[in-house]
Amino acid sequence: DYCYGLSSVTIPDGVTTIGGWAFQDCTSLASVTISDGVTTIGDGAFQYCYGLSSITIPGSVTTIGVGTFSYCTGLSSVTISDGVTMIGRSMFYFCSGLSSVTIPSSVTTIGSGAFQHCASLSAVTIPNSVTTIGRAAFSTCTSLSSVTISEGVKTIGDTMFSGCTSLSSIIIPGSVTTIGSYAFERCSGLSSATISDGVTTVGESMFYFCVGLSSVTIPSSVMTIEGGAFSGCSSLSSVTIPNSVMTIGSNAFNGCSGLSSVAIPNGVTAIGSNVFRGCSGLSSVAIPGNVTTIRVGTFSYCTGLSSVTISDGVTTIESEAFENCTALATITNLNPIPQSIYGDEFQSVNIKAATLYVPAANVDAYKAAPVWEEFGAILPIN
């Protein structure tokens, strides 16, 4: 039960299975040789082997348990031989000294948390044989500065690179069909992101609080930008939303204070609540014709917003939609029928000093409509 003094071990030919927790807590174990022929390494087999500095996984291994080398804090290099098809769940969890790993082209799956908290890991290449990367696979790898995701990967799990603060750029290949929540959240060093053509969804809170992100490319294959996708990306100065996008989820650009311009394409039919809340650098915006509702807080606290164009398709403006847009000076409302509003849509906005432009035939209707009538000037659209 106690192997604290064990310093080396060789698994001989003929052995096919290393059982679960077989060498757990062998804290002095510095050298392990696993012979080709071993097919199964059980759960936690080498967990807490602090003295282990390197390991080679032979290509004969087909089954790897949970947390096999977790908490091996002295482990600095890993060689996974060609033939291995999976990197198990939490396999190298909290191997804080691991700086180098080679993933062969035989691997198809990287399990959840496989390299989570590997704080010394600086670079990783995911080969095109890999189709699925599990939740938090590289989360909090704070030294990870270079990541190559090859064409072939289809699934990026939740929080996959969350907290990888040294990561400066990323390219999402077009083969990716599913991106989990918070995939790159709080990657504070991330300055550019390229989403390749073929990707259809920018995932929920995908770049949440990536405060250094200044440039992002969204391809014409994307149809949905999910909630919180770019929330808190305060360095993002401009974004082009392609015509293919139909839905922008709640809080998608909330807190993007550096965003100075955004064009919402005509293909968009739904904009969620608080989408542009706190985008204080935004000066003008036009709501396209297929959008029927401006949701709660959509443009609240956009303190630099001075000009808004509302299409004739907008029939509903919800509460706090333009709350605290203190610079708002001009609204062009193309709807011939005044929307029913109650005042809180423009909380802390001096609408008495603002000008409202409406269709010429409907000026009198707006002058008689609650709240709209309070605008300082109601004039016909030229």
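**Note on the predicted model**

1. Of the 382 residues that make up the protein, 50% count as buried, and it should be kept in mind throughout that this is a predicted model.

2. In secondary structure, the protein has one helix and 31 strands. Its radius of gyration is 27 Å, which is well over the 21 Å that the globule rule gives for 382 residues, so the protein is more spread out than a compact globule. The C-alpha trace, taken along the principal axes of the protein, spans about 90 × 35 × 25 Å.

3. As for contacts, if one takes those in the protein with a separation of 6 or more, 28% of them are accounted for by residues 24 or more positions apart.

4. Turning to the surface and the charges, the accessible surface of the protein comes to about 14300 Å², and 48% of this belongs to carbon and sulfur atoms. The protein carries 8 positive and 21 negative charges, and the mean positions of these two sets are 8 Å apart.

5. One residue to look at in detail is N335, which is placed in the loop between strand 29 (330-333) and strand 30 (355-358). Is N335 buried or exposed? Its relative accessibility is 6%, and because buried means under 20%, N335 counts as buried.

6. The surroundings of N335 can also be described: once its neighbours within four places in sequence are left aside, N335 is in contact with I310, S311, D312, V314, T315, P359 and Y366. With D312 there is a polar contact, in which a polar atom of the N335 side chain lies 3.3 Å from the backbone oxygen of D312.

How values were computed. Residues are numbered from 1 along each chain as its sequence is written. This is a predicted model: local features need pLDDT of at least 70, side-chain atom pairs count only at pLDDT 80 or more; totals for chains, interfaces and linings use all residues. Side-chain values use heavy atoms; hydrogens and water are left out. Helices (H or I, at least four residues) and strands (E, at least two) are DSSP runs, numbered from the N terminus. The radius of gyration is taken over C-alpha atoms; the globule rule is 2.2 Å times the number of residues to the power 0.38. Buried means under 20% relative accessible area, exposed over 50%, partly exposed in between (1.4 Å probe, protein chains only). Contact means heavy atoms within 4.5 Å. Accessible areas come from the Shrake-Rupley method with a 1.4 Å probe; for residues, only the protein chains shown count as cover. Lys and Arg count as positive and Asp and Glu as negative; His and the chain ends are not counted. The place of a charge is taken as NZ of Lys, CZ of Arg, CG of Asp or CD of Glu. A polar contact is a pair of N or O atoms within 3.5 Å; within protein, one must be able to donate a hydrogen and the other to accept it, and residues adjacent in sequence count only if both atoms are side-chain atoms.
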